[in-house]
Amino acid sequence: MRQIVVLGGKGGTGKTTVVAALAHLMAAEQRLVLADADVDAPNLGLLLAPKALTSEQFVGGSEAVIDAALCTGCGRCQEVCRYEAVAAQHGVYVVDPIACEGCAACAYACPAQCIRMEPAVSGEWRRSETRFGPFVHARLFAGQENSGKLVSLVRQQAQLVAEEQGADLILIDGSPGIGCPVIAAVTGADLALMVTEPTISGQHDLERVLGVAAHFGVPAAVCINKGDINPARTAEIEAYCRERDLPMLGVLPYDDDAMATMRRGQAVTEASTGPMAQALQALWADLRELVTNL
């Protein structure tokens, strides 16, 4: 079983577009499990139309709760809170659950021992079924943290599903940037496919996310989306990859037909025969060979 994570140094490079097309092409040949590791803004489901099988709460940490009946109004909890999460209301103190970081300083400092730490539900994760195979995805609630922890849970569940069903591949749609969710998505993967675009910011952020993959010892390959809108910058990125012996798996063209296909909730390769669909088929052919030789 191989794990392929699709990343991009910035948002909007086309990661989900590529993942959905690869899922369509892979599922025709191999047993596949899909995972959406962009828990802050998951959107792979928009193209997969998942049917939820199970749904579970995600507890990302804890939050302080003050028992108003026991509170003496001394204000010690407000004094020690560095996050300004405690405020006085009608002679007693209450905790803002959004501002609370779960450090428990107030609970330790309270002389009346009226503060308890309770599990904080930060999001939810699901196992679903799609036309391309099992799908594990999650959503972090607004204002919540520990997205890296939730991504790790998504990957763990995807591996369990893959083992249960004897899957050949796990395909992971990663999040943008280089932060905790990306680190959680790339660690332990067999290959990171980097999707970039031919712009100055796209190239800069590609270099950053390649650095993350290299740090964790994960082999990387690159494809350029909408490569025909800036041929000069595309050539620079291709030269950059050659200098560093990074496999260049394709240059995807801009294609209005591809956009129309995705607006209908389909992967590009499902209903389009345009240049983008053809380029994605060539990308899968090269990727298949690369994964086989890992």
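Reader: Which element gives the most to the lining of the second largest pocket?
Author: β3 does, with four residues. This is a predicted model, and the pocket in question has a volume of about 260 Å³.

Reader: What lies closest to the centre of that second largest pocket?
Author: S62, C100, E101, Q144 and E145 are the closest to its centre, out of 14 lining residues. Two elements, β3 (51–66) and β6 (115–130), give two or more residues each to the lining.

Reader: How does that lining divide into nonpolar, polar and charged?
Author: The lining of the second largest pocket has seven polar residues, four nonpolar and three charged.

Reader: And the largest pocket, what volume?
Author: The largest pocket comes to about 440 Å³. It is lined by 24 residues, and those closest to its centre are G12, G14, K15, T17 and M262.

Reader: Which elements each supply at least two residues of the lining there?
Author: For the largest pocket those are α1 (15–27), α2 (45–48), β8 (169–176) and α9 (256–263).

Reader: Classes for that one? What are the counts in the lining of the largest pocket?
Author: Ten residues of that lining are nonpolar, nine are polar and five are charged.

Reader: Switching to closed space. How many cavities of 30 Å³ or more?
Author: There are two cavities of that volume or more. The largest holds about 100 Å³ of space, and the second largest has a volume of about 60 Å³.

Reader: Which residues lie nearest the centre of the largest cavity?
Author: C81, C100, C103, A104 and C106 lie nearest, among 15 lining residues. C100 is also among the residues closest to the centre of the second largest pocket. By class, the lining of the largest cavity has 13 nonpolar residues, one polar and one charged.

Reader: Which ones lie nearest the centre of the second largest cavity?
Author: C71, C74, C77, C110 and C114, with 14 residues in the lining. Ten of the lining residues are nonpolar, three are polar and one is charged.

Reader: On to helix packing. At what angle do α1 and α11 cross?
Author: The axes of α1 and α11 (residues 275–292) cross at roughly 65° and come within 10 Å. Angles of 65 to 115 degrees count as roughly perpendicular, so α1 and α11 are described as roughly perpendicular to each other.

Reader: Is that crossing left-handed or right-handed?
Author: The crossing of α1 and α11 is right-handed.

Reader: Which residues make the contact?
Author: From α1 it is T17, V18, A21, L22, L25 and M26, and from α11 it is M276, L280, Q281, L283, W284 and L287. That contact has ten nonpolar residues, two polar and no charged ones. T17 is also one of the residues closest to the centre of the largest pocket.

Reader: What about α7 and α8, at what angle do they cross?
Author: Helix α7 (residues 200–215) and helix α8 (residues 231–243) cross at roughly 20°, and their axes come within 10 Å. Angles under 35 degrees count as roughly parallel, so α7 and α8 are roughly parallel to each other.

Reader: And which residues make the contact there?
Author: I200, Q203, L206, E207 and L210 of α7 make it with R233, E236, I237 and Y240 of α8. The classes are five nonpolar, one polar and three charged.

Reader: Last one: how does α7 pass α8, in a left-handed or right-handed crossing?
Author: α7 passes α8 in a right-handed crossing.

Notes:
Residues numbered from 1 in each chain as written. Predicted model: local features only at pLDDT ≥ 70, side-chain atom pairs only at ≥ 80, totals over all residues. Heavy atoms only, no water. Axes fitted to C-alpha atoms, helices over the stretch in contact; angles between N-to-C directions. Parallel < 35°, antiparallel > 145°, perpendicular 65-115°, else oblique. Left-handed = near helix turned anticlockwise from the far one by under 90°. Contact = heavy atoms within 4.5 Å. Nonpolar A, V, L, I, M, F, W, Y, C, P; charged D, E, K, R; others polar. 1 Å grid on protein atoms, 1.4 Å probe; cavity = no way out; pocket = protein on both sides within 12 Å on 5 of 7 lines; lining within 4 Å. Points joined across faces, edges and corners; volume = space filled by probe spheres on them.
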